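This report describes a two-chain model, chain by chain and then at the contact between the chains. Please keep the sequence and the coordinates open while reading.

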Amino acid sequence: MKLRINHVTKQFQGKTAVDDFTLDLSCGICGLIGENGAGKTTLMNIICAIMEPNTGSILLEGLDVKKMGESYRTQIGYLPQDFGVAPEFAVLDYLEYISLVKGLTAKEGHKRSEELMEYLSLHDDRKRRVCQLSGGTRRRVGIAQALLNDPKILILDEPTTGLDPGERAKFRQMIGNLAKERIVLISTHIVSDIEALSTRNAIMKNGKLAACGTTDELTEPLLGKTWEIKIRSNDMEVFAKEHYVLNMRNSDDGTFSVRFIHENAVHGAAPVHPCLEDVFLWKYLA
Amino acid sequence: MEQLLSILVWRMFFSGSIWLERDAIMLTFELKRILRLRSTIVILIIALLLACVLPFLSTIGINGYLIEDSGSLQILSGYDGVKSRREAESTYEGLATPDILWQVINNYQTLHAEYGDNIPNEIYIKEIVPAETLMKLIVSGSLGQGQYGYEGLLAFTQEDIWNFYELRNGAVEQYLIQQLGGNSSAYQVAKRMAGQVRVPFAFHACQGWPTACGNISGIVMIAIFAGCLLSSRVFSVEYQSGAYLILKSAKNGCQKLAKVKIVASLIVSGGLYLAILLVYSLLCVFIFGKDGLNVPIQFASFLSPVPFTFRDVYILSACMGLITVLAMSAFTLFLSSCFVSPAFPIAISWFLLVIQQLSGSLSAEWIQLLCDILPSSGSAVYGELFRINFLEIGNIAIWSPCVIFFTNLLAIPVCSILAIHFYCCYKLK
């Protein structure tokens, strides 16, 4: 299965949110990385046929999804960043309701809802109203609704927002399993969430596709240039002025463990393997 | 154009799969969702409370009288006042033939001759109070006597009363000529209507029913206020919360879901109206008695050429009320599909309702016509059922309640179709 985002441009009141964006997606997980306001959500809305691009098209197996209409929408599952789950519904009611909207029969919808509640550990909450759920549980309900129609294309916009570390780990495992036979596009600005999961990553900046490739391909320019060093807190200000600091971690002994980029070896610094977040912070953050 | 519209309505509501099992279940879920909202429950409770209060408001101004053992006069009001009046007026129940009318007048003239304006309370309560409605009927016509108030009755002769209904016919004709002109098609229609008024008038104790019929407008307004509050949220809140994103990306999340949402909202609004109307009607029948509904509306509007009883007016007002509540809900749904904030649909719908209520005080004919074609026009249909307002197109004269009925009826599918269209075409900003 191939989904092509074909030269898509979307403008809002003179501002270009997505600018001539082209990307080919196939089975597996693709991470869409970009800072806030980069155009990720707009692009996802276009892919889900909720929004129409000014120019360009979305092609599934070469067919324009606009012309496919309902038959395209039966194949997608979408978890928006801010989604309003009808608060007056109980979890089971909500999932059954969405399953009907997605075109499943009542029987199929009930069966699928039960399966997903089991899969996403929502079974204990099935009778609870959605408005009474914690942020993480609501997110899981959101993921469940996206999976109701067993979609071939799964679009997840900032899916880990509001999840605690345990839930995030669980989510990564679940998505890993789901991605075997479908296209999964995950947008996030928390790069670490998808680094281990994604088969490919697309980095978006100012509405454009800034880079695309596997994690190794994207981190390749930083190989041998990423270092970690321990710095006393008093020296930190000077060090930050002289080096490109990616990250730092406060230690108990009054020192900082600093991760930074430098062309050559620095005295006292140990080389580290670059990660996707390093590349993103170094090259693509405004 | 009409044909195109009917095809559209047919295609959108009936030829689709709206009645399939899946859609019926979707409708059940949607109804469940609306009815579970706390705001729905609060609105329903408030509406029911107001419906309980309104019948008692209709008793204001209806007083009964009782002479206590001590000889002092006790004035009864509220339910007791109405009950006392009903008992008193039962004396004259039946057809208000010239014989009966003359009996009433003769009685008054005799008492007036004996006591002048100071008829003793005991005699007044026994002799005058039971006949007061009939006396008011005769006085309200005046019929060329040139005097209003009970003094006008003193000038009536037996011959006048023998010709009472002929004199009334003449007065009605004069009134129609004055209002509509003698040659207009509206005049012809009104004259035909006047010819259907049954005489002699049937009389029953009907105290309170004219006000109770008028207060159906109040019930309609309560239902419209409540219906608009509920309908305004249907699409707007989804845009606000982002729920729209999930629904719109689903197979049936566009037209089919919009249709189900509209049908569910209309069912809730209509059901709410019927519930409060039922409570109101039962209380009215309990307070005023059902026999008063058989009285012709000429007891409230002597020169009206409309051949209706209060029962007809009550039923027509109630039916028009239902159509208006549905039309206003559909209109609010249409606005809800256009605005992200539910405040705008509520404000616009309520403004329309207020304009409608104020339209009675506006004299310009085009404003009256405009108000007749608004979806809120049926909220004030009670007054129109008495009046002789006509829309004249060439040689055709259409009575204003018919105009209101058809425009409101048309507003339901038109606004629903617009709501579906705007919901499906809603552009994310």
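Helices (H or I, at least four residues) and strands (E, at least two) are taken as DSSP runs, numbered from the N terminus. Two strands pair if DSSP finds at least two bridges between them. This is a predicted model, in which local features need pLDDT of at least 70, side-chain atom pairs count only at pLDDT 80 or more, and totals for chains, interfaces and linings use all residues. Residues are numbered from 1 along each chain as its sequence is written, while chains are lettered from A and ligands numbered from 1 in the order in which they are written.

**Overall figures**

A residue is called buried if 20 or more other C-beta atoms lie within 10 Å of its own, exposed if 12 or fewer, and partly exposed in between, with C-beta atoms placed from the backbone. Two residues are in contact if their C-beta atoms, placed from the backbone, lie within 7 Å.

| Chain | Helices and strands | C-alpha extent along principal axes | Buried |
|---|---|---|---|
| Chain A | 11 helices, 14 strands | roughly 65 × 45 × 35 Å | 44% of 286 residues |
| Chain B | 19 helices, 6 strands | about 85 × 60 × 35 Å | 43% of 429 residues |

Among contacts with a separation of 6 or more, residues 24 or more positions apart account for 69% in chain A and for 75% in chain B.

**Strands of chain A**

Strand β4 (residues 55-60) of chain A is joined to strand β1 (residues 2-12) of chain A by 5 bridges, and the two run antiparallel. Within this pair, Thr9(A) has Thr55(A) of β4(A) as its bridge partner. β4(A) is also antiparallel to strand β5 (residues 63-64) of chain A, through 2 bridges, and here Leu59(A) is partnered by Asp64(A). β4(A) and β5(A) make a hairpin with 2 residues between them, and Glu61(A) in the turn has a positive phi of about 50 degrees.

Further along chain A, an open sheet of 4 strands has the order β12-β13-β11-β14, with antiparallel pairing. β12 (244-250) and β14 (270-271) of chain A are at the edges, each with a single partner strand, so one side of each has no neighbour in the sheet. Between β12(A) and strand β13 (residues 255-261) of chain A there are 6 bridges, and Arg249(A) lies opposite Ser257(A) in β13(A). Helix α11 (residues 276-284) of chain A packs on the sheet and touches β11 (226-232), β12 and β13 of chain A. The direction of α11 makes about 135 degrees with that of β12(A); axes are lines fitted to C-alpha atoms, for helices over the stretch in contact, and angles run from 0 to 180 degrees between N-to-C directions.

**A helix of chain B**

Helix α5 (residues 98-115) of chain B has 18 residues and reaches 25 Å from its first C-alpha to its last, close to the 26 Å expected at 1.5 Å a residue. That expected span is 1.5 Å times one less than the number of residues. The buried residues of α5(B) are Leu101(B), Trp102(B), Val104(B), Ile105(B) and Tyr108(B). They lie on the same side of α5(B) because they cover an arc of only 160 degrees around the axis, taken from the directions from the helix axis to the C-beta atoms. Thr110(B), Ala113(B) and Glu114(B), on the other side of α5(B), are exposed. Gly116(B), just after α5(B), takes a positive phi of about 70 degrees.

**Contact between the chains**

Chain A brings 29 residues to the contact and chain B brings 23 residues. On the side of chain B that touches chain A, the elements giving two or more residues are α2 (21-36), α12 (216-241) and α13 (243-248) of chain B. α2(B) gives the most, with 6 residues.
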